Amino acid sequence: MLRYQKAHQNCRPAHGILPAGNRKGLWNMAYKRTEIDEKEIARQRDICARISAENAGLPERPLALVDTYGCQQNEEDSERLRGYLAEMGFGFTRDENAAEVVVVNTCAIREHAEMRVLGNVGALVHAKKRNPRLVVAVCGCMVQQPHMAEKLKKSFRVVDLAFGPHQLWRFPELYDRARAHRERVFQCGPSEGVVAEGVPAARDGKVKAWLSVMYGCNNFCTYCVVPSVRGRERSRKPEDVVAEARELVAAGYKDITLLGQNVNSYGRDLPDGVDFAGLIRQINAIPGDFLIRFMTSHPRDATETLFKTMAECEKCAKQLHLPVQSGSDRVLRAMNRHYDRAKYMELIACARRYMPDLVVTTDIIVGFPGETEADFEETIRLVEQVRYDAMFTFIYSPRVGTPAAAMPDPVTREEKQSWFDKLVETANAISAEKHRAYEGKTLRVLVDGETERGEYNLSARTNGGRLVHLRGDTGLVGSFVSARIVSSGTWALYGEII
Ligand code: 5AD
Ligand code: SF4
């Protein structure tokens, strides 16, 4: 049984600046939150147990490949897919020719990501020729777009199963149908989103863990496909989030990243009044030596309360990812971002007052429709003023059905590329300078993995999330150590364990 609830009204785009032609379809849906009953999840796990019993009778353990594109939310979703597959008795492989099932978890944020997926899915025909039993599944954001589901259905016969993010909780049932090879299973219909508790996870590492606190987005930035594919904002109940955080700490995880498209609006759709700052405090109170990180914060909803909480919670990493997208007020308005440059600069100043050593990172889009060179120069000036520790920069990519895709876009690709190159150069110079300032300092860092980088065999992260290469015993993975930074580059620091 599914439960439906009505929730808050803050779910519509501010239509003021949107072209009338785009005020249709998914952008205007009324909001519904769907909670999946635990009995439904139990039924999925029963299906896993049945498949596992069958797999146990095979001469060799069957293997699965889960290929992930896109953001951390997709990484987390893939851990859930692997959780189900592990319960079905599958081992894992990176070789599609050794697999009995391949799941491609896709991203729709930019065209480039979609092209890579389509190329790789198309290439699976060779693996399928070798092994006709192979089940090819494609899921995630790309599939949730009707035109892409249609394309996969018509032009990619190799695909046996396709399902959007809202159907992930019932992957066992869908896989069970698809593996019979009697029909192609396509479950990509519209949904505003579900909350499913109790889906098993097979996590990638033993040190860092993703922890979703909410799903979906209500912000409707005019360039972004996320609200239409991931649905409206749904917060997990604080008790569910805190219980999972406790389990992670008990299992030895040391670096927990709370995930949401816009974590600052956490809890607005829940009845009990817990906000994101309150959630951080609850997780901070869990006994143990671990770090809490989070992403992503929308400047529209970032508050002094959040920064004060970050400063006061000793386990909360002093790291803030605050996407600005553009330094031009005109462009920010056209993007429907609900803040201007002055408000953004105030937020940064406020955050730094509470946390002088705060590591600040951002996302920036270059070449938004109608952006001029003067707008772009404003972005460069903002970057020079804020002095980000690191930046994620993107050239604007038109997305089907978004308002920005219908806006006039006269600037050539070459010109956008030259702006992009200039921005990257500016950002890299600042990152390198900021990294140089670490040289000679001794920091407490978390050793989070092994690498094969010549003389450095360990990777670690500072409290603020900067990458540190170290040399040392691999038994240190998962421990906090003191490291003296001896040199630095644009992307990383290099240190010695003390
Ligand atoms: N084109 C380019 N970049 C985009 N982003 C989101 N949508 C688009 C798009 N259509 C970027 C934003 C966002 C990040 C995750 O991806 O900068 O913060
Ligand atoms: Fe997309 Fe983020 Fe804007 Fe939501 S807040 S619409 S996910 S860019």
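Where is Thr-296 found? Keep that one in mind for Exercise 1.

A word on conventions: residues are numbered from 1 along each chain as its sequence is written, and chains are lettered from A and ligands numbered from 1 in the order in which they are written. This is a predicted model, where local features need pLDDT of at least 70, side-chain atom pairs count only at pLDDT 80 or more, and totals for chains, interfaces and linings use all residues, while side-chain values use heavy atoms, with hydrogens and water left out.

**Exercise 1. Place Thr-296 and describe the peptide bond leading into it from Met-295.**

Solution. Start with the location: Thr-296 sits in the loop between strand S14 (291–295) and helix H10 (304–312). Helices (H or I, at least four residues) and strands (E, at least two) are DSSP runs, numbered from the N terminus. Now the bond: from Met-295 to Thr-296 the peptide is cis, with omega near 5 degrees.

**Exercise 2. Look at Gln-325 and Arg-387, and work out phi and exposure for each.**

Solution. Take Gln-325 to begin with. Its phi is near 70 degrees, positive even though the residue is not glycine. Gln-325 belongs to the loop between strand S15 (319–321) and helix H11 (329–334). With a relative accessible area of 7%, Gln-325 is buried. Here buried means under 20% relative accessible area, exposed over 50%, and partly exposed in between (1.4 Å probe, protein chains only).

On to Arg-387. This non-glycine residue has a positive phi of about 60 degrees, and its loop runs between helix H13 (373–386) and strand S17 (390–395). Arg-387 is partly exposed, because its relative accessible area is 29%.

**Exercise 3. Check the span of helix H8 (residues 238–250), then find its buried face.**

Solution. Span comes before faces. The expected span of a helix is 1.5 Å times one less than its number of residues. For the 13 residues of H8 that gives 18 Å, and the end C-alpha atoms are 18 Å apart, so the two agree.

Next, list the buried residues of H8: Pro-238, Val-241, Val-242, Glu-244, Ala-245, Leu-248 and Val-249. Looking down the axis of H8, they fall within an arc of 160 degrees, so they line one face of the helix. The arc is taken from the directions from the helix axis to the C-beta atoms.

What packs over that face? The cover for the buried residues of H8 includes helix H2 (72–87), strand S10 (208–212), strand S13 (255–259) and helix H9 (276–284). Flip to the other side of H8 and you get Glu-247 and Ala-250, both exposed. Just after H8, Gly-252 has a positive phi of about 100 degrees.

**Exercise 4. Give helix H1 (residues 38–56) the same treatment.**

Solution. H1 has 19 residues, so at 1.5 Å a residue it should span 27 Å; its end C-alpha atoms are 27 Å apart, which agrees. Buried in H1 are Glu-40, Ile-41, Gln-44, Ile-47, Cys-48, Ile-51 and Asn-55. Their arc around the axis is only 110 degrees, which puts them on the same side of H1. The other side of H1 has Glu-38, Lys-39, Asp-46, Ala-53 and Ala-56 exposed. For Lys-39, the relative accessible area is 64%. Lys-39 and Gly-198 are 159 residues apart in sequence but 10.0 Å apart in space, C-alpha to C-alpha.

**Exercise 5. Which residues touch the most other members of the largest nonpolar core?**

Solution. A nonpolar core is a set of buried Ala, Val, Leu, Ile, Met, Phe, Trp, Tyr and Cys residues joined through side-chain atoms within 4.5 Å. Of the 59 residues in the largest one, the answer is Leu-258, Phe-276, Ile-283, Phe-294 and Phe-307. A second core, of 30 residues, lies apart from it, with Ala-99, Ala-108, Val-138 and Leu-152 among them.

Zoom in on Phe-307. Leaving aside neighbours within four places in sequence, Phe-307 is in contact (heavy atoms within 4.5 Å) with Ala-302, Leu-320, Leu-347, Cys-350, Ala-351, Tyr-354 and Met-355.

**Exercise 6. Sort the shell around ligand 2 by residue class.**

Solution. List the surrounding residues (a heavy atom within 4 Å): Cys-217, Asn-219, Phe-220, Cys-221, Tyr-223, Cys-224, Val-226, Pro-227, Gln-261, His-298 and Arg-337. Then classify: Ala, Val, Leu, Ile, Met, Phe, Trp, Tyr, Cys and Pro count as nonpolar, Asp, Glu, Lys and Arg as charged, and the others, Gly among them, as polar. The shell comes out as seven nonpolar, three polar and one charged.
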